[in-house]
Amino acid sequence: MEHILEVQHVSKTFKNFSLDDVSLSVRKGFIMGFIGPNGAGKSTLIKCIMDFIPYEQGTIKLFGKTHAEATKEIKDRIGFVADENIYFDHLTIEANKKMVAPFYSQWSDSTFYEYLEKFGLNRKQKVKSLSKGMKMKLALAFALSHEAELIIMDEPTAGLDPVFRRELLDILLEVIQDENKAIFFSTHITTDLESIADYITMINNGRIVFSKEKDELLDHFQIVKGPTEIVGEVKSHLIHIRKTSVGFEALTEKGALLREKYGDRLSLEKPTLDQIMYFFVKEGVK
């Protein structure tokens, strides 16, 4: 199946942070959730993917090409929703549209205005008068109005109320019905991904922790709970141990083994994405 986005062994070094040998891929027809705590490297990698900043090593291809080969064509086919306002604050929404639209070969005014109405945005409003959440809605309207084949979103639900967050997820599910499109959704709000993502990639401290099919990921790990006195026996099978008032809690990949050996002394539960991220962050990348 064709990959829309391929990141291969990418490294980028700053004074106090670095991306370290990052690789991932996104296929047509799927939603990739990109998770990690604040400061993990999500926005840095997206800036590299968008060619906003250079990287020292590795290769990034979109639609089979690098930015050096075809950056204009690549950006024409991407819908980008940034985690900060990238439009002209002192201009109206309509004036911003007139400046942005000519850059896209398949721009649709009618689609843009439909999204403005859907999102409760007035084209005569100046961007600086919009709340953070409304600016995010505006960015989404721009991203969805030129038949983009790859939607890249950097923390798109930050500042949005729960009702619109649900509406946004429904919109993304509509977009992905076109199997020639893909979505790369970066967030630290993992609950936004549990109902829509096909794949989950986690980054922490600039390194990829895992990149797996979501259902496989949730089946692969278990939350294990048990009495403190057996921690020493089982800790080699655990990912970060959190002590509780009644014993311990941890993440494990060895649920079947632990169930067979310890039976009712341990309880095993299916984890959420939030729990998986928590335990890996606490454990550190290994």
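**Exercise 1.** Which residue just after α4 takes a positive phi?

Solution. The residue is Gly 120, with a phi of about 70°. The structure is a predicted model, in which local features need pLDDT of at least 70, side-chain atom pairs count only at pLDDT 80 or more, and totals for chains, interfaces and linings use all residues. Residues are numbered from 1 along each chain as its sequence is written, and side-chain values use heavy atoms, with hydrogens and water left out. Helices (H or I, at least four residues) and strands (E, at least two) are DSSP runs, numbered from the N terminus.

**Exercise 2.** Determine how helix α4 is oriented and what its buried residues pack against.

Solution.
- Step 1. Helix α4 covers residues 109-119, and its buried residues are Phe 112, Tyr 115, Leu 116 and Phe 119. Buried means under 20% relative accessible area, exposed over 50%, and partly exposed in between (1.4 Å probe, protein chains only).
- Step 2. These four residues lie on the same side of α4, because they cover an arc of only 105° around the axis. The arc is that of the directions from the helix axis to the C-beta atoms.
- Step 3. On the face turned away from the buried side, α4 carries the exposed residues Glu 114, Glu 117 and Lys 118.
- Step 4. The packing partners of the buried residues of α4 are α3 (93-100), α5 (132-143) and α6 (162-175). Contact means heavy atoms within 4.5 Å.

**Exercise 3.** Is Lys 181 buried or exposed?

Solution.
- Step 1. Lys 181 sits in the loop between α6 and β7 (182-187).
- Step 2. Its relative accessibility is 14%, so Lys 181 counts as buried.
- Step 3. Leaving aside neighbours within four places in sequence, the contacts of Lys 181 include Ile 4, Phe 30, Glu 147, Glu 149 and Val 175.

**Exercise 4.** How many bridges join strand β8 to strand β9?

Solution.
- Step 1. Six bridges join β8 (residues 199-204) to β9 (residues 207-213), and the two strands run antiparallel. Two strands pair if DSSP finds at least two bridges between them.
- Step 2. Ile 200 has Lys 212 in β9 as its bridge partner.
- Step 3. The two strands form a hairpin with two residues between them, and Asn 205 in the turn has a positive phi of about 50°.

**Exercise 5.** Place these details in the whole protein.

Solution.
- Step 1. The protein has eleven helices and 13 strands.
- Step 2. Of its 286 residues, 47% count as buried.
- Step 3. The C-alpha trace spans about 65 × 40 × 40 Å along its principal axes.
- Step 4. Among contacts between residues at least 6 apart in sequence, 68% join residues at least 24 apart.
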